[in-house]
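Let's take a walk through this protein together, starting at its ligand and moving outward. Keep the viewer open as you read.

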Amino acid sequence: MIPKLRSNVRSTCALAIAVILSIGTLAEGQLPFGQKPKQYPWPNRSLSPDERADLVIKEMTLDEKIQMLHGLGWESMFMQPESGPGTRAINAGGFIPGVQRLGIPDLQMTDCVEGVSGAGAKGRYATALPSAEAMAAGWDPVLSYETGTMIGNEVRAMGFNMSLGSGINLMREPRGGRTFEYKGEDPLLAGTLAGQELKAEKALGLITDVKHYAVNDQDEGRLFVNSVIDKRAMRESDLLAFEIALRNSGAGAVMCSYNKINGAYACENGYTLGQVLKKDFGFRGFVVSDWGGTHSTAKAVMAGLDIEMPGNSFLGEALKKAVQSGEVPQARIDDMVHRILRTEFDSGVVDNPPQPQSPDVMRGLEVAQKIEEKGAVLLKNAYDQLPLRASEIKSIAVIGGHADVGVLSGGGSSQVSPAGGNAVTPPPMDMNDMLSFLTVPVYHRSAPLKGITEKAKGAAVKFDAGTDPAAAAALARSSQVAIVFALQRASEGVDQTGLSLPDKQDALIEAVAEANPHTIVVLETGGAVTMPWIDKVSAVLEGWFPGIRGSEAIANILFGEVNPSGKLPLTFPRSEADLPHPARSIQPPQKPGQAPLPGLPAIAGFSLNQSSFDAVYDEGLKVGYKWYDAENKQPLFPFGFGLSYTSFAYSDVSAAPGEGLTVRFKVKNTGKRAGEETAQVYLTLPASAQEPPKRLVGWSKIALEPGEQKEVTVTVEPLMLSVFNVDKNAWEIMPGEYKIWAGPSSRELPLSTALHLGEKGR
Ligand code: BGC
């Protein structure tokens with residue numbers, strides 16, 4: 001064996017040397033004899049990214065420039081072209097060939113909102129993290145940075161140099177199919193956490209991207225829906241989330257969304273792209289269309305679109321012709337290319353290209369577990385039902401939710417391949433059920449039943465699938481404690497039809513709760529759900545889509561090894577009647593036999609209506625909790641809410657103006673266990689500002705030992721004190737009385753103080 005091994009090593013080395021030598025000869029071989037390869041000046045790292053980009057542009061032909069402005073077509077995502085630059089694509093995410101002769105790298109893109117998606121199709125492994133919503137529920141910028149580092153390392157390990165995360169569309173439509181991919185309903189929370197995640201990815205040398213810009217808050221008819229919303233509302237909510245994320249992360253790309261905004265497609269919208277993003281935010285990176293979201297050439301380019309993905313219907317040959325005819329000025333093409341190149345130099349993808357290697361699997365698992373342990377939200381805990389005391393429990397019924405084999409994950413382009421395959425054999429596709437038609441439900445192999453069984457050593461733990469409520473109730477009746485796992489599937493491409501748990505799970509929970517007063521519900525949902533049974537169960541834990549370490553994390557919380565600290569990043573309404581729009585904005589009846597996306601061939605039996613329809617966001621500024629506050633509606637569970645196994649007391653608030661505001665108060669752990677509290681600060685603006693009753697302006701996540709007290713300082717930046725004046729196209733501070741609130745949730749604010757601010761914020 002050993003000699004054979006040696007000779008293998010030797011031949012591998014010989015091959016490597018031959019490859020290296022051949023690269024050198026190739027480069028020189030293309031040049032006239034005796035001429036040295038040209039030394040280009042842009043590798044000089046002491047030049048700024050802008051200087052380096054300009055130097056490259058001087059050497060480029062029009063064809064090379066156009067090549068950088070689009071992908072190679074839908075087909076390149078699904079099948080590799082036989083030859084040509086497409087063969088260098090390493091995954092179905094997105095690929096743009098670079099300009100090899102000038103040393104400009106290919107752009108290799110991957111979705112990675114919850115870990116690198118789709119890796120399994122190439123036989124690779126990536127960590128399946130909990131949903132982005134669970135990350136948001138941690139309210140923990142430090143953890144977001146850690147998460148970004150972990151994701152970024154896996155992105156690089158697979159050889160990608162551009163990440164297509166993170167998503168920060170605000171939850172204006174709680175039934176939106178991609179709620180689980182986003183970071184809740186508040187712009188400061190979403191923007192801050194996404195900003196930290198992307199900052200960490202960028203620090204590793206990746207181009208990062210924030211999506212989907214903008215007001216893409218429902219998936220129903222996403223290619224044709226027209227989001228109708230006024231400018232002030234947009235600037236102070238959905239666009240503000242992007243403003244904060246971009247400023248905090250230095251992200252190099254923004255993905256414009258599929259929908260229209262006030263009549264113009266997001267990828268050809270002069271207001272959102274040209275005015276707001278590029279002028280007002282001063283964004284110097286590039287705008288990439290969502291996949292199939294480009295609808296025109298000159299219009300889109302002149303509005304601000306820089307790259308068409310994944311194909312070249314509009315920004316390939318058509319763009320070249322538009323430049324040659326003068327319809328698109330050469331200067332704009334150079335600006336597009338400059339934005340891409342400066343981003344490549346700025347991020348490090350030229351100087352520090354990824355070196356493929358095995359992902360750090362153990363690190364990924366640790367981070368996945370930590371996100372779930374910090375992001376699961378304890379919503380109810382009557383009579384201290386939780387934590388379960390393992391030594392006192394003799395029998396546990398675990399019911400439903402495929403808890404015997406795995407945890408549910410969200411579907412669509414963010415889907416991380418389930419390690420070892422789907423834990424549940426998917427049901428046959430049902431053309432009448434859009435959710436099952438568009439995506440197969442995927443379960444990661446992390447069985448809560450196993451985690452619970454391992455903790456409850458002395459107890460008989462039995463499982464019932466929950467398909468027959470009577471059988472489940474019988475098991476619950478004969479057990480000391482019943483734990484029901486209730487699921488709500490969610491996927492890109494299709495919204496929830498309502499907020500009720502599907503598949504008669506409400507009836508299942510009612511039946512189990514009837515049979516056993518110690519019923520605990522663990523939810524794995526894509527967003528808020530209604531809970532008609534809430535008064536009948538003793539505890540509820542919202543676990544979101546828990547990821548590859550869901551079993552361990554959920555068991556740790558149920559049995560008290562981890563004290564829950566997650567807080568809701570979105571409101572749970574009592575009923576759909578309380579939503580700003582009780583009825584969803586639905587696409588009108590569909591026509592059969594059309595393409596699933598522009599540029600793709602029509603699929604027999606697949607229907608898609610290409611006519612536009614409106615989703616009117618006339619709740620305006622009142623997004624999420626601001627709606628419930630303004631309309632005096634009591635939510636089921638408010639934004640910012642989440643219980644702990646210990647208790648906290650708030651005292652001694654003060655607020656001082658300066659560069660923004662500095663808010664100080666004390667938080668004490670008044671219980672018997674160590675715990676973490678997310679102390680939140682809200683602001684009520686003067687009446688003249690005509691704002692909803694309050695907005696989140698800052699928070700601090702603090703760890704406290706039993707009896708320990710800490711002074712918390714929350715710095716509120718001037719932007720968060722401001723309102724957007726559309727006439728002046730500027731933020732301004734309204735002079736008047738400001739009230740500052742602090743406490744554990746948006747509806748429990750024991751501390752308040754007031755101060756007067758002039759228009760300079762002092
Ligand atoms: C999704 C994007 C995603 C892209 C590439 C689109 O369908 O909307 O979020 O980045 O596909 O996978």
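A residue is near a molecule if one of its heavy atoms lies within 4 Å of it. Please bear in mind as well that this is a predicted model.

With that cut-off in hand, look at the ligand. Which residues surround the ligand? Following the chain, you meet Asp111, Leu164, Arg178, Lys211, His212 and Arg222, and then Met255, Tyr258, Asp290, Trp291, Ser413 and Glu492. Sorted by character, this shell holds six charged residues, four nonpolar ones and two polar ones.

Three of these neighbours deserve a zoom. The side chain of His212 places an N or O atom 2.6 Å from an oxygen atom of the ligand. Lys211 has a polar side-chain atom 3.0 Å from a ligand oxygen, and for Tyr258 a polar side-chain atom likewise lies 3.0 Å from an oxygen atom of the ligand. How much of the ligand's accessible area does the protein cover? On its own the ligand has 310 Å² of accessible area, and 92% of that is covered by the protein.

Now turn to strand β2, which spans residues 107-110. Is this strand covered on one face or on both? Both faces are covered: Leu107 and Met109 are buried on one side, while Gln108 and Thr110 are buried on the other. Strand β2 also has pairing partners to trace. Strand β1 (residues 94-96) runs antiparallel to β2, and three bridges join the two; Gly94 has Met109 as its bridge partner in β2. Strand β3 (residues 162-163) runs parallel to β2, with two bridges between them, and here Thr110 is partnered by Ser163 of β3.

The cysteines come next. A disulfide is a covalent bond between the sulfur atoms of two cysteines. Searching the whole structure turns up one disulfide. It links Cys256 and Cys267, with an S to S distance of 2.1 Å. The torsion about this S-S bond is about 110°, so the disulfide is right-handed. What does the pair tie together? Cys256 belongs to strand β6 (residues 253-256) and Cys267 to the loop between β8 (264-265) and α10 (270-280), so the bond connects parts that are eleven residues apart in sequence. Both ends are out of view from the surface by the numbers: Cys256 is buried because its relative accessible area is 0%, and Cys267 is buried at 1%.

Compare Cys112, which is in no disulfide. The nearest cysteine sulfur belongs to Cys256 and is 18 Å away, whereas a disulfide calls for sulfur atoms within 2.5 Å. Cys112 is buried too, with a relative accessible area of 1%.

Strand β8 leads us on to a sheet. Four strands make up an open sheet in the order β8-β7-β5-β18, with mixed pairing. Which strands sit at the edges? They are β8 and β18 (613-616), each of which pairs on one side only. Strand β5 (residues 225-228) runs parallel to β18, and four bridges hold the pair in register; Asn226 has Asp614 as its bridge partner in β18.

Our last stop is Ser538, in the loop between β16 (519-524) and β17 (539-542). Is Ser538 buried or exposed? Its relative accessible area is 4%, so Ser538 counts as buried. The side chain of Ser538 also makes a polar contact of 2.9 Å with the side chain of Gln385.

Methods:
Residues numbered from 1 in each chain as written. Predicted model: local features only at pLDDT ≥ 70, side-chain atom pairs only at ≥ 80, totals over all residues. Heavy atoms only, no water. Polar contact = N/O pair within 3.5 Å; in protein donor to acceptor, adjacent residues only side chain to side chain. Areas by Shrake-Rupley, 256 points an atom, 1.4 Å probe, with all protein chains shown as cover. Nonpolar A, V, L, I, M, F, W, Y, C, P; charged D, E, K, R; others polar. Buried < 20%, exposed > 50% of the residue type's maximum accessible area, 1.4 Å probe, protein only. Pairing = 2+ DSSP bridges.
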